[in-house]
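Here is a short briefing to keep beside the model while you look around. Take it topic by topic, with the structure open.

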Amino acid sequence: FGNGCMLTREAVEDDVRMAHEGLVRCKEILLSDEYDLVILDELTITLFLGLLESDEVLNLLRSKRPETEVVVTGRYAS
């Protein structure tokens, strides 16, 4: 759920839309019982770049099933 590397360009509306679509998909995955481990690769960079808000990500993480482990990766973690 992205539009290529954003470290060398400014975010546009399409980037924000795609990040939110990704967040919706991640929530679906975290609420399913299909996975024991979910890796949200490069999630922290979406916060740094302003594509997502911290509250949105925290709400996502709080919504997961207790049995599901989550690993969050990315640069510039807040």
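What pattern does the protein chain follow, read along the sequence? The answer is α-β-α-α-β, built from three helices and two strands. Helices (H or I, at least four residues) and strands (E, at least two) are DSSP runs, numbered from the N terminus.

A word on the ground rules. This is a predicted model, in which local features need pLDDT of at least 70 and side-chain atom pairs count only at pLDDT 80 or more, while totals for chains, interfaces and linings use all residues. Residues are numbered from 1 along each chain as its sequence is written, and side-chain values use heavy atoms, with hydrogens and water left out.

**Overall shape**

- The radius of gyration of the protein chain is 13 Å, close to the 12 Å from the globule rule for 78 residues, so the chain is as compact as a globular protein of that length. The radius is taken over C-alpha atoms, and the rule is 2.2 Å times the number of residues to the power 0.38.
- Along its principal axes, the C-alpha trace spans about 40 × 20 × 20 Å.
- Buried residues make up 28% of the 78 residues. Here buried means under 20% relative accessible area, exposed over 50%, and partly exposed in between (1.4 Å probe, protein chains only).
- Of the contacts with a separation of 6 or more, 72% come from residues 24 or more positions apart; a contact means heavy atoms within 4.5 Å.

**The nonpolar core**

- The largest nonpolar core has 12 residues: A19, L23, I29, L30, V38, L40, L43, L47, L51, L52, V57 and L60. Such a core is a set of buried Ala, Val, Leu, Ile, Met, Phe, Trp, Tyr and Cys residues joined through side-chain atoms within 4.5 Å.
- Two or more residues each come from α1 (13-31), β1 (37-40), α2 (43-48) and α3 (54-63), and α1 gives the most, with four.
- In soluble globular proteins, nonpolar side chains tend to be buried together.
- Leaving out residues up to four places away in sequence, A19 touches L51 and L52.
- T46, in helix α2, is buried with a relative accessible area of 13%. With the sequence neighbours up to four places away set aside, T46 also touches L51 and L52.

**The strands**

- β1 and β2 pair in the parallel sense over four bridges; strands pair if DSSP finds at least two bridges between them.
- Side chains alternate along β1: V38 and L40 point to one face and are buried, whereas L37 and I39 point to the other and are not.
- L37 is partly exposed, at 48% relative accessible area, and stands opposite E69 in β2. Its contacts beyond four places in sequence are E69 and V71.
- The C-alpha atoms of L37 and S54 are separated by 22 Å, with their positions 17 residues apart along the chain.

**Helix α3**

- Which residues of α3 are buried? They are V57, L60 and S63.
- Seen down the axis of α3, these buried residues fall within an arc of 125°, so they line one face of the helix. The arc is that of the directions from the helix axis to the C-beta atoms.
- An α-helix has 3.6 residues a turn, so residues three or four places apart point the same way.
- On the other side of α3, D55 and R62 are exposed.
- The cover over the buried residues of α3 includes α1, β1 and α2.

**The aromatic pair and two backbone details**

- A search of the whole structure finds one aromatic pair. The ring centres of F48 and Y76 are 4.2 Å apart and their planes lie at 25°, so the pair is stacked. Rings of Phe, Tyr and Trp (its six-membered ring) pair if their centres lie within 6.5 Å; planes under 30 degrees apart count as stacked, over 60 as edge-to-face and the rest as tilted.
- F48 is in helix α2 and Y76 in the segment after β2 (69-72), so the pair ties together parts that are 28 residues apart in sequence.
- Y76 is partly exposed, at 47% relative accessibility, and has a positive phi of about 55° although it is not a glycine.
- E42, in the loop between β1 and α2, is not a glycine either, yet has a positive phi of about 65°. At 37% relative accessibility, E42 is partly exposed.
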